[in-house]
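Reader: I'd like to learn how to read a model like this one piece by piece. Can you walk me through it?

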Amino acid sequence: VYKLCLGYASGDQNTANEWLQETFIKVWKHRNSFKGKSTIDTWIYRIAVNVCLGDLRKSKRHIPLSENILPENTTEYDGENDISENNIKKMYHCIDQLNEQNRTLILLELENIPQVTIADTVGIAHGTLRTRLNRIRRSLLKCIKNGK
Amino acid sequence: MENDNLNKLWKTQGNDILKYSPQDVITKAKKQRNGQYLTITILSTTVIIIVIYAFSFALNRWNAFNLGLILMASSLTLRIILEFYSMYRNERHLISMDHKSYHIYLKKYYRIRLMVNYIVTPVCIVLYIVGYTLLLPTFEKYFSKVFYSYILLFGIISLFIIVAIIIYSISKEQRFLRHLNKI
C-alpha cells in the first residue's frame with residue numbers, strides 16, 4: 001500500500017505516508033462494513049487508491065522526487081547506481097504522465113498484486129486489464145528509454 | 001524481458017518507510033472518531049436548544065431579536081449539517097466503491113458541492129447577516145457604547161474571515177474538479 005501511495009505521490013514520501021496512514025485509519029474505522037464480498041486485500045487496495053485519488057491537495061501538487069527513494073548505497077561513485085537513480089527518476093516522471101486509472105493499474109501490477117485483485121480494485125474486466133497492462137508497460141519502457 | 005526490467009527498476013527503490021505501528025493508527029482513528037462524536041453531540045444539542053427556544057419562548061414573544069437569533073443559528077446549523085452529511089456520504093462511497101466508480105462519483109460529488117457553494121452558502125450568509133443586523137438594535141440599547149462597537153467590529157471582521165475561508169475552499173474544490181475532469 002505504501003509503494004502504491006508513493007507512486008501516486010510522485011515519489012514524495014511524506015504524502016505517501018499520510019495517505020498510508022489515512023488508508024488504515026479508514027480500514028479500522030469501517031472494519032464492520034467489510035462484508036467479505038471481495039477479499040480483504042481488494043478492499044484495502046480500493047480504499048488506498050480512492051484515498052490517493054480523493055486528496056484535494058493533489059491538483060496543485062508538484063513535488064520534486066525525494067532522494068530517499070533512490071537506490072541505497074550511492075554515497076560513493078558507482079556508475080551502475082547512477083544509471084539506476086536516473087532511471088528511477090525517469091520512471092516516476094513517466095508514471096506521472098499516465099492517466100489516473102492507468103497509473104493505478106501499473107502501480108498495483110509493479111507491486112505484484114494478482115491481476116484478479118487489480119481488476120476488482122479498479123473495476124474493469126480481467127481481459128481488458130491484461131491488454132491495458134501490456135500497453136502501459138510498453139509505453140512506460142519507451143518513455144523511460146526516450147525520456148518522454 | 002524488457003517487462004522484467006521495469007519490475008527490477010521498481011524494486012531497486014529505497015524502502016525508507018516511516019514506521020507506524022498498528023497501535024498508532026488505532027489511536028489516531030479513535031481520536032478522529034471521538035472528535036466526530038463530539039461534533040455531532042454539540043451540533044445536535046445546538047439544534048435541540050434552538051428548537052426548544054423557538055417553540056417555547058420566541059414564538060410567544062416574537063420580536064426582531066428572536067428572529068435574528070434564530071436566523072443566525074439556523075443558517076449556521078444548516079450549513080454545518082450539510083457539510084457533515086456530504087463528508088459522511090463521500091466516506092461511505094470511498095470505502096465501498098471500486099476506483100473507476102469512485103472517480104465518476106467524485107466528479108458528481110464536487111459538482112454538487114459547487115452548486116451548494118454557489119447557492120446554499122450565499123443564502124446562509126445572507127440569512128446570517130440579516131439575523132445579525134436584527135440583533136444590533138437590542139445590543140445598542142442594552143450594552144455600553146464601547147461594548148456595542150466591539151460587537152459590531154468583531155461581527156464584521158469574523159464575517160470577512162468566514163467569507164474568505166469559504167472563497168478559498170470553493171477555489172480549491174473548483175481546481176480539484178478541473179483536475180478530476182482532466183484525468
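Reader: Let's start with a single residue. In which helix of chain B does B:Asn34 lie?

Author: Before the answer, keep in mind that this is a predicted model. B:Asn34 belongs to helix 2 of chain B, which covers residues 22-58.

Reader: Is B:Asn34 buried, partly exposed or exposed?

Author: The idea is to look at relative accessible area: under 20% is buried, over 50% is exposed, and partly exposed is in between. B:Asn34 has 49%, so it counts as partly exposed.

Reader: And how far is B:Asn34 from B:Lys108 in space?

Author: Sequence distance and spatial distance are two separate readings, so to speak. From C-alpha to C-alpha, B:Asn34 and B:Lys108 are 29 Å apart, with their positions 74 residues apart in sequence.

Reader: Let me try another one. Where is B:Thr46 placed?

Author: B:Thr46 is also in helix 2 of chain B. With a relative accessible area of 32%, B:Thr46 is partly exposed. Its C-alpha lies 22 Å from that of B:Val163, and the pair is 117 residues apart in sequence.

Reader: Okay, zooming out. How many helices and strands does chain B have?

Author: Chain B comes to five helices and zero strands. Reading from the N terminus, its elements run α-α-α-α-α.

Reader: What does the radius of gyration tell me about chain B?

Author: You hold the value against what a compact globule with that number of residues would have. For 183 residues that would be near 16 Å, but chain B has 24 Å. The extents go with that reading: along the principal axes, the C-alpha trace of chain B spans about 85 × 40 × 35 Å.

Reader: How much of chain B counts as buried?

Author: 32% of its 183 residues. Its accessible surface is about 11900 Å², and carbon and sulfur atoms hold 71% of that.

Reader: What about charges on chain B?

Author: Count the two signs, then ask where each set is centred. Chain B carries 22 positive and 9 negative side chains, and the centres of the two sets are 9 Å apart.

Reader: Now chain A. How many helices and strands are there?

Author: Seven helices and zero strands. Of the 148 residues in chain A, 55% count as buried. The accessible surface comes to about 7000 Å², with 47% of it on carbon and sulfur atoms.

Reader: How do I read contact range in chain A?

Author: Take the contacts between residues at least 6 apart in sequence and ask what share joins residues at least 24 apart. In chain A that share is 59%. For chain B, 69% of the contacts with a separation of 6 or more come from residues 24 or more positions apart.

Reader: Which residues does A:Arg132 contact beyond its sequence neighbours?

Author: Leaving out neighbours within four places, A:Arg132 is in contact with A:Gln101, A:Asn102, A:Leu105 and A:Ile124. A:Arg132 sits in helix 7 of chain A, residues 126-146. At 17% relative accessibility, A:Arg132 falls under the cut-off and therefore counts as buried. The C-alpha of A:Ile106, 26 residues away along the chain, is 9.3 Å from that of A:Arg132.

Reader: Which backbone angle should catch my eye at A:Asn112?

Author: Phi. A:Asn112 has a positive phi of about 60° although it is not a glycine. A:Asn112 is placed in the loop between helix 5 (100-110) and helix 6 (115-122) of chain A.

Reader: Last feature: which residues have the most contacts inside the largest nonpolar core?

Author: The general idea is that in soluble globular proteins, nonpolar side chains tend to be buried together. Here the largest core has 60 residues, and A:Met91, A:Leu105, A:Leu140 and B:Leu106 have the most contacts inside it. Helix 3 of chain A, residues 40-53, gives the largest share of this core, nine residues. Apart from this core lies another, of eight residues, including B:Met72 and B:Tyr128.

Reader: And what does B:Leu106 touch?

Author: Not counting residues up to four places away in sequence, B:Leu106 touches A:Leu53 and A:Gly54, along with B:Asn90, B:Phe176 and B:Leu180.

Methods: Residues numbered from 1 in each chain as written. Chains lettered and ligands numbered in written order. Predicted model: local features only at pLDDT ≥ 70, side-chain atom pairs only at ≥ 80, totals over all residues. Heavy atoms only, no water. Core = buried A, V, L, I, M, F, W, Y, C linked by side-chain atoms within 4.5 Å. Buried < 20%, exposed > 50% of the residue type's maximum accessible area, 1.4 Å probe, protein only. Helix = DSSP H or I, 4+ residues; strand = E, 2+ residues; numbered from the N terminus. Contact = heavy atoms within 4.5 Å. Rg over C-alpha atoms; globule rule 2.2 N^0.38 Å. Areas by Shrake-Rupley, 256 points an atom, 1.4 Å probe, with all protein chains shown as cover. Lys, Arg positive; Asp, Glu negative; His and termini not counted. Charge placed at Lys NZ, Arg CZ, Asp CG, Glu CD.
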